[in-house]
Amino acid sequence: MRDPRYDLLFEPVQIGPVRTKNRFFQVPHCNGMGHVYPQTLARMRGIKAEGGWGVVCTEEVEISPLSEIAPHHEGRLWDERDIPALRLMTDAVHAHGALAGIELMFNGYATPNRYSRDIPIAPSHLPVRGSDPIQARTATKRDIADVRRWHRNAALRARDAGFDLVYVYAGHDLGMPMHFLSRRTNRRSDEYGGSLENRARLLRELIEDTKEAVGDRCGVVVRLAVDQLLGAGGITAESEGRDVIAMLAELPDLWDVNIADWSNDSQTARFSAEGFQERYIAQVKSLTTKPVVGVGRYTSPDAMVRVIKSGIMDLIGAARPSIADPFLPRKIEEGRLDDIRECIGCNICVTGDNFCVPIRCTQNPTMGEEWRRDWHPERIAAKRSERSVLVVGAGPAGLELTRALGQRGYEVTLCEAENDVGGRLRFESKLPGLATWQRVVDHRLSQITKMPNVQVLRGHAVSADDVLAFAASAIFVATGSRWRHDGLGRSHREPWIDGASAQVIRPDDALRGAKTAGPLLIYDDDHYLLAGALAERYARDGVVVHYVTPATKVSEWTEQTMEQTRVQSRLIELGVQIHTAREIASVDRTGDALRVEIACIYSGRREVVSVRSLLPVTMRDPDDALYQALVTRSAEWADAGVQEVHCLGDALAPGTVAAAVYAGHKAARGFDVIGHQRVEGDVARAGVIDVGRERGGARGRPQHAGDEARFVGCGKAVSGF
């Protein structure tokens, strides 16, 4: 039963000619699917509508080949042939009583048009975003008229595809109207340049064109970045951002307010708190009578009610929280707050779009697999037998496996050698800014505790003898991994550090709080977050830190989670001495000091760094001794009643927390159904977009919306078990 305090969240909101069923608004977000995987996309969006989101929007949708963003998989609405694929989504969303919104996009100089090879256009001559050696040309008056025409035609096609809300996009430093608004990108001297009124002219015209074309049936939404976080050098919420809202206040039916660019608006939890955008959004409602939506990575209904009552916004916008839990609104409505999978703000979801593959999520392992594998975030097949299961290891993989098997109804025993569950997250969540990562553990533990068919044995280390004596039908070993401390990794394929030296700090010991007087050299050959986070922690403790990496940037892979610049900036602010593009060539001990010789990866030029301690962050080894011991005793399994033994998560192959959670979930779905499932479609074609492109001709799209391979269930051919 819903708590009356949250009734406000379930009130309808009028947006022009359409009305929402509640205040939950899934704002546009990219997903690595777009026009390439229309069935996958439609199913994912439809499940969000099923989960109670009153509005469910697309990702950015290209309106013209003169502004496409290949190789990224965004939506396309170039002409009428794209309508059937988009209709899949609107039908899926409407089936659950939600409104469907579409974010029309003309990227301008924000894309090099790698697929179409058309020259991008911009308010003024500019290099395109990124590093492509391509420049955008200055848009002529004819070009501007064409953009208006393309946008109007796309709005009409969107209406015909069944959309209820149509966006005019001027956010994140991506949409062309934003490029005209900003003095940084608009150097024109005609009626589209100079004064703010002139620079806002294209945005005004696009709003008016869209209202005239579809305003009788569709709500028209403007997504505007009110602050570029560039100070006086860009648009700020206190000046031109506010003035644009005031100037166009009553034109659209809804204001969707954000900040630019995307990496600012979608900061990780490591660098921003829930609702950090509020200060930029707060004044908008005082400037317009139209409803306002914004985001804030909100997962708490109390925070949602607060921002509505305080007049900051009328609808609760969300991208990442709707990914972590598509059923968040329904759980609030049904009074099941403890069941909410709260977003941890890790931005693993962003990597799907960056790598042009379907989205994934640390908290929600079904994300991106709703259609391909027929996984539902809340439903799972009931048990097929009375088989018992023993899971060894209560890290991310073991916890998710136990939770999902328990949900299926199996009798499960989870053994954890330590007194605390969580595996690696017991320590990683204590690193600076990563406290929200503990939600991965807390959610699963809270679900497990409600299950009478699951028991958790803490402080219960088990041997192969113990496991066989337990006589469970299936054994899953999820014992995690351990960091090496001998330097073996990507750059050095052989050990080169004396790991037994007292001056070498093991990463696992560092995670447990190992101290050093410093100076400390951290060698990062892992390139994700650990080395940078440890450098930050030691620097905050007053230790002189040298950060050395063969990469050209600090924590280079965090570019994929849109936080790399913040990681490096923070280390610079803390005084960490950064040595990029450097390998360690030699380490010599001289008394209490270490003489570390580092070499430039390009020139080979060497320099010496003298430190007291060395912390190598290079790679992990699976902690699979128990699994290997069980494998060697497979002849004893039958007598012990054991039918199968599996190794999963980091114990099989160390990876991200998201990969471990996914492995646990996949194993639970596949358990006890091997041989009963099938693979539909041509597996070899899964994810190969050229099949559809060849059928679609030079336009580069499938002729129909079914050019995807679908994996049903998790049988042997799919699961790898």
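Where is Ser501 found? Ser501 sits in the loop between β19 (481-483) and α18 (507-511). The structure you are looking at is a predicted model, so please read everything below as a description of that prediction. Let us begin with this loop and then walk through the rest.

**A serine in a loop**

Ser501 counts as buried, at 15% relative accessibility, because the limit for buried is under 20%. The side chain of Ser501 reaches out to the backbone nitrogen of Gln503, at 3.1 Å.

The two elements that flank this loop also turn up in a pocket. The second largest pocket holds about 830 Å³ of space. It is lined by 40 residues, and those closest to its centre are Arg426, Thr479, Gly480, Ser481 and Asp623. Both β19 and α18 supply at least two residues of the lining, as do α14 (396-408), α15 (425-428) and α21 (625-632).

**Parallel strands under cover**

Next, have a look at strand β10 (residues 165-170). Six of its six residues are buried, so β10 is largely enclosed by the rest of the structure. Which residues cover the two faces of β10? On one side are Leu165, Tyr167 and Tyr169, and on the other are Val166, Val168 and Ala170, all of them buried.

Strand β10 has parallel partners. Strand β6 (residues 99-105) runs parallel to β10 and is joined to it by four bridges; in one place, Gly101 has Leu165 of β10 as its bridge partner. Strand β11 (residues 219-227) also pairs with β10 in the parallel sense, over six bridges, and here Val166 is partnered by Val220 of β11.

From β11 the path continues to strand β12 (residues 254-259). Six bridges join β11 to β12, and the two run parallel. Val222 stands opposite Trp255 in β12. Strand β12 is mostly covered, with six of its six residues buried. Its faces are made of Leu254, Asp256 and Asn258 on one side and Trp255, Val257 and Ile259 on the other, and all are buried.

Back in strand β6 you will find Ile102, a buried residue with a relative accessible area of 0%. The C-alpha atoms of Ile102 and Thr58 are 5.1 Å apart, although 44 residues separate the two along the chain.

**A three-stranded open sheet**

Another sheet is open and has three strands in the order β7-β9-β8, with mixed pairing. The edges are held by β7 (121-122) and β8 (126-127), each with a single partner strand, so one side of each has no neighbour in the sheet. Strand β8 pairs with β9 (residues 135-138) in the antiparallel sense over two bridges, and Leu126 stands opposite Ala136 in β9.

**Rings and charges**

The structure has 11 aromatic pairs. In one of them, the rings of Phe10 and Phe24 have centres 5.3 Å apart and planes at 55 degrees, so the pair is tilted. Phe10 lies in the segment before β1 (14-15) and Phe24 in strand β3 (residues 24-26), so this pair ties together parts that are 14 residues apart in sequence. Phe10 is buried at a relative accessible area of 13%, and Phe24 is buried at 1% relative accessibility. Ring pairs link these two with Trp53 into a cluster.

Charged ends also sit over rings. That of Arg537 lies over the ring of Tyr538, 5.2 Å from its centre, and that of Arg620 lies over the ring of Trp483, 5.3 Å from its centre.

**Backbone surprises**

Most residues other than glycine have a negative phi, and most peptide bonds are trans. The places below depart from that pattern.

| Place | Feature | Angle |
|---|---|---|
| Ala260 to Asp261 | cis peptide bond | omega near -10 degrees |
| Gly518 to Pro519 | cis peptide bond | omega about -5 degrees |
| Asp173 | positive phi | about 60 degrees |
| Asn347 | positive phi | about 65 degrees |

Where do these residues lie? Asp261 has its place in the loop between β12 and α8 (262-265), and Pro519 in the loop between α18 and β20 (520-524). Asp173 is in the loop between β10 and α4 (176-181), and counts as buried at 11% relative accessibility. Asn347 is in the loop between α12 (328-333) and α13 (348-355), and counts as buried at 2% relative accessibility.

Technical notes. Residues are numbered from 1 along each chain as its sequence is written. This is a predicted model: local features need pLDDT of at least 70, side-chain atom pairs count only at pLDDT 80 or more; totals for chains, interfaces and linings use all residues. Side-chain values use heavy atoms; hydrogens and water are left out. Buried means under 20% relative accessible area, exposed over 50%, partly exposed in between (1.4 Å probe, protein chains only). Two strands pair if DSSP finds at least two bridges between them. A polar contact is a pair of N or O atoms within 3.5 Å; within protein, one must be able to donate a hydrogen and the other to accept it, and residues adjacent in sequence count only if both atoms are side-chain atoms. Rings of Phe, Tyr and Trp (its six-membered ring) pair if their centres lie within 6.5 Å; planes under 30 degrees apart count as stacked, over 60 as edge-to-face and the rest as tilted. A charge sits over a ring if NZ of Lys or CZ of Arg is within 6 Å of the ring centre and within 35 degrees of the ring normal. On a 1 Å grid over the protein atoms alone, a cavity is a set of points where a 1.4 Å probe fits but cannot get out, and a pocket is an open set with protein on both sides within 12 Å along at least five of seven lines; lining residues have an atom within 4 Å of a point. Grid points are joined across faces, edges and corners, and a volume is the space filled by probe spheres set on the points.
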